[in-house]
Each structure stands twice: as structure tokens, then as C-alpha cells.
Amino acid sequence: MFQLLELQQEVVVQDYVFEWAAAPHYRQLTQKRFRFFSTLFDDPVYQRIVAERQRGEPQCFITAEMPSGSLLKNLESQGILSMVTVPIMVDGQWWGTLGIDDCERRLEWQGPGLQALVVAAELIASAIYRHQLTSRRRQVELFQQVADCGIWEVDPHSGSTWCSRALLNTLGYPDQYARVPLRRLLAHIVREDRLRFWSQLRTCLADARKNLRLDVRLISKNGDTRWHEIVTEVVCDESGRLEALAGLVIDISQRKQGEERAMIAAEYDELTGVLNRRGLTRHLAETLGGVPEQLPPHHLLLVDIDHFKQINDAYGHPAGDALLRLLADRLDKELRSEDGLARLGGEEFAIVVSGLNDQQVMQVAERLRGRIADTPFPLESLPARPSSHQVGISISIGVAGLSVGQDLSHSQALAMAQADQALYAAKGAGRNRVVAYWQQSRERQSSRVSTAGAEPGTAQ
């Protein structure tokens, strides 16, 4: 039995992998010339034989009746009087050759003898195919274990699905579970992510792209949710007609946790846990995104602790840091989930409030100011004043409107400048108070009107 190793344009590379010999002097398996040997296509008879073997056809020879050529010389050098060969076809491809060399008789191999050899070749091919499937299955299982993924395939015409054992385990099904219906399989994707998947898949098909990658949350049978990446391969026939969808489901929960930690480090204040300037910009982008005419009003509040330096001087910076954390926590509890709270640095905070008019947002600001001023903060371990654990503080707040429909950075910068001007006015008026930028604008406008209406020479 020979195994085909490589079929090149001018040469065939084979290996002599098995032999049974009727007597020791017929053995050739140990001869070096039959290990990983090459045969040239310099003989038309051998070229015909290779073509027949590729088609799965057997060959029978009586050496003395063969035309002259390199194949005849090769058989004569081995003392072969007659020969029969049958190709071993594995998955429709020529894998190797099973044959019998007779060095004593000139036999015409036909009928039951030839059929027996054909059956033997088919049995060998079946065993090789099973071995390849087993090896592939082991490789796939090893790949799934290493990559922490599962494999899936969907027939778009019948809706039938196939899932690997690893994917079934991920979703909470037994190893030998029957085919999971497509509807039930899709139900394991969180609805929001499922809609995104369908949308991108339709775009992929419309653009004739062959693959798609998307991060989704998968729901296991016990209700747990974990992040996975769905890798989708679009399989089409020669005419471009969709034939199948297949791909991988890769567990990326650790990667997502790393991304979340990185986002927290980049967008959240390390001391207080609220947003930082970068996080505030992202919050504004999400809040102000959409059609300007359909957006509700938005306001920016700048909050500053009055006389915070005195607290640091009296109790120490660790106590000041603890007070900042307590303040952020109290402010956050007073706000709605859709509002945004950020620490800009030092003792200054920013708050984005959505969906309220000017009067309502002023009421919110007054409520925040009152909650801080009316209830002292408990502080632990104050070395400078070990007997005092209650610290009262007050805050000043500047309020400004957030314009929409303009460049985000411009809107943010303008609102910051206006809220900062209002905050400066609140501190100048005695602190522990709320001042809105539009109040300052009206006062300035009123002052200009009064000045313009005065008679010449009248003291203002």
C-alpha cells in the first residue's frame, strides 16, 4: 500500500506504508528506494495510470504485454510478472494505492478477485476517513478549549442549526443535545445585541462582504450573561447565492472586564468614583446626540466647596479627600440616573441636568445646596481634632444652559465659561448660594438700559 504525499506537475511523491509478502525474499518495505520516493511523468503509460487513479479507477497489468518505457523497466527490476492496483479514495480524493504484485504468475485480475481488492480499498478509505474525523474533532475540541470558543452553523434555507459541544455547554445544554432550533438559539442573545447583529448581518449581505464580527451578550440557560464575540462567515455558491452561515462564538468576558477597567481609569475620577473631564465629555456626547429640535433642554451646574482650603489646613489632606468622597456620594444620591456628575479637579464638580426648564433646574440646584449646608459630614480619624467628627460645609453653584445643535466642544466650552462666571458671582455675593448665568445677563441688560435712560450729568 502506497500513500500519496504530493502530486506535482512533473512528479508524484509517495511512501511505501504497508506490505505483506508471501516469502521473505519478496519483501521490499525495508528498501530505502521505496521510502518517500518520486516518480517522474516521463512515461505516457504512467501518466494514464495517475489520471485513472485520480478518477478512482483500478488498473491491471501483465508486465510482458506492456509497452516499453520507464514503468516497464521499474516493474521488471522488481521481478513483477503481473500487477493489480486500486486507488484508495478518501473524501473523493486520491489518498493512496492498494495493489498486489505477483512475481510468479501472469494473472488477469478480473471478477471476484478484483472486487475483493476494491472492497478492501474502500474499507481502508473508511478507516482513514474515520481517523481523520477523530483527529479533526480532537483538534477542534483542543482549539475550543484553548480559544474558549464554540462553533456553529446555520442553513439559511431550512433554518436548521448545528452547534459544537463547547457551544452547547456554554448555553447550558447537554453534550448530546439534539439540534437547537434557530429561534431558541437566537433567544440566547440579549435582545439589544440581537437587533444589532441582525442589522449588521443585513448590511454585510447587502455589501457582499464575507465576514462579520460583533460583540454580544449571551444568556446561558441559568440566566447568567457573559460577553462573547460572534464571528460570522458568509458562505455563498459560485453564483453568489447564500448557502450557509457559519462561525465561532468566543468568550471575551475577560477582555471586556479589562476594557471596563481601562474605561474606568480613563473616564472616572480615581478619588471619588464619579466621572472626570473625559467622562463628562462622553456623557455630553451621548446626552446631546440626536436631532436638535427633538432634544429637551439641558443645563450645566458648576459646584465648588466654600473655603475648602481651610478644611485641608485644619484636618489634613486625607480628611479633605474623605470629605470629597462623601460630598460626591451625597450629590450623586440627589441626582437622577440620567443626570451626570463629574469631578473637574480639586473641590470643583460639574453636573449635567436634562429635561428641566430654567425654574426647575434652579430648584434642583437649591435643593443640592441645602442638602450640603444643612447636614454636616462625619469624618473618621482626624488627628488634628480627634474629638470632632462632624464637619459642616457649604457649596456655591453656578448654572448655565447647554446649547444644542452646535459643535459639542464649542457647546461644552461655552456652557463651562458661562457657569463659571455665574459661580464666580455666587462666591462674590457671599458664597453658599446659587446663581444662574441668565440672571447675570438680565442684570447687566437692566443696568445698560438704566444707564442709557439717565439724563446727561446725572450721577449713576
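Arg431 is partly exposed in this predicted model, with a relative accessible area of 29%. The residue sits in the loop that runs between α12 (408–428) and β18 (434–436). Its backbone is worth a pause: phi of Arg431 is near 70°, a positive value in a residue other than glycine. Most residues other than glycine have a negative phi. Asn432 continues the theme, with a phi near 55° that is likewise positive in a non-glycine residue. Asn432 also belongs to the loop between α12 and β18, and at 30% relative accessibility Asn432 counts as partly exposed.

The loop leads naturally to the sheet that contains β18. This open sheet has five strands in the order β13-β14-β12-β17-β18, and its pairing is mixed. The edges are occupied by β13 (340–345) and β18, each of which has a single partner strand, so one side of each is left without a neighbour in the sheet. On average, neighbouring strands here are turned by 20° against each other, direction ignored. Within the sheet, strand β12 (residues 298–305) pairs with strand β17 (residues 395–402) over eight bridges, in the antiparallel sense. One point of register can be followed by eye: the bridge partner of Leu300 in β17 is Ala400.

Two helices pack against these strands. Helix α11 (residues 358–374) touches β12, β14 (348–354), β17 and β18, and its direction makes about 160° with that of β17. Helix α12 lies across β12, β13, β14, β17 and β18, running at about 145° to β17. The helix that precedes the loop of Arg431 is thus also one that lies across this sheet.

A further helix offers a buried histidine. His283 is found in helix α8 (residues 277–288). With a relative accessibility of 13%, His283 counts as buried, because this value falls under the 20% limit. Beyond residues up to four places away in sequence, His283 touches Leu275, Glu338, Asp339, Gly340 and Val352. Of these contacts, Gly340 falls in the range of β13, while Val352 falls in that of β14.

A second open sheet is built from six strands, ordered β3-β2-β1-β6-β5-β4 with antiparallel pairing. Its edge strands are β3 (37–40) and β4 (59–62), each pairing on one side only. Neighbouring strands of this sheet are turned by 30° against each other on average, direction ignored. Nine bridges join the antiparallel strands β5 (residues 82–90) and β6 (residues 93–102). Here Thr85 stands opposite Gly99 in β6. Helix α1 (residues 44–54) lies across β1 (2–7), β2 (11–16), β3, β4, β5 and β6, and runs at about 150° to β4.

Aromatic side chains add detail to the picture. A search of the whole structure finds six aromatic pairs. Among them, Phe2 and Phe37 form an edge-to-face pair, with 5.6 Å centre to centre and 80° between the planes. Phe2 lies in strand β1 and Phe37 in strand β3, so the pair ties together parts that are 35 residues apart in sequence. What is the exposure of the two partners? Phe2 is partly exposed, with a relative accessible area of 24%, whereas Phe37 counts as buried at 15% relative accessibility. Phe41 and Tyr46 form another pair, this one tilted, at 6.1 Å centre to centre and with 35° between the planes. Both Phe41 and Tyr46 are buried. Ring pairs also link Phe2, Tyr16, Phe34 and Phe37 into a cluster, and Phe2 and Phe37 are the edge-to-face pair described above.

Charged side chains meet aromatic rings as well. The charged end of Lys256 sits over the ring of Trp227, 4.4 Å from its centre. Arg330 lies over the face of Phe377, at 3.7 Å from the ring centre.

Notes
Residues are numbered from 1 along each chain as its sequence is written. Side-chain values use heavy atoms; hydrogens and water are left out. Helices (H or I, at least four residues) and strands (E, at least two) are DSSP runs, numbered from the N terminus. Buried means under 20% relative accessible area, exposed over 50%, partly exposed in between (1.4 Å probe, protein chains only). Contact means heavy atoms within 4.5 Å. Two strands pair if DSSP finds at least two bridges between them. Axes are lines fitted to C-alpha atoms, for helices over the stretch in contact, and angles run from 0 to 180 degrees between N-to-C directions. Rings of Phe, Tyr and Trp (its six-membered ring) pair if their centres lie within 6.5 Å; planes under 30 degrees apart count as stacked, over 60 as edge-to-face and the rest as tilted. A charge sits over a ring if NZ of Lys or CZ of Arg is within 6 Å of the ring centre and within 35 degrees of the ring normal.
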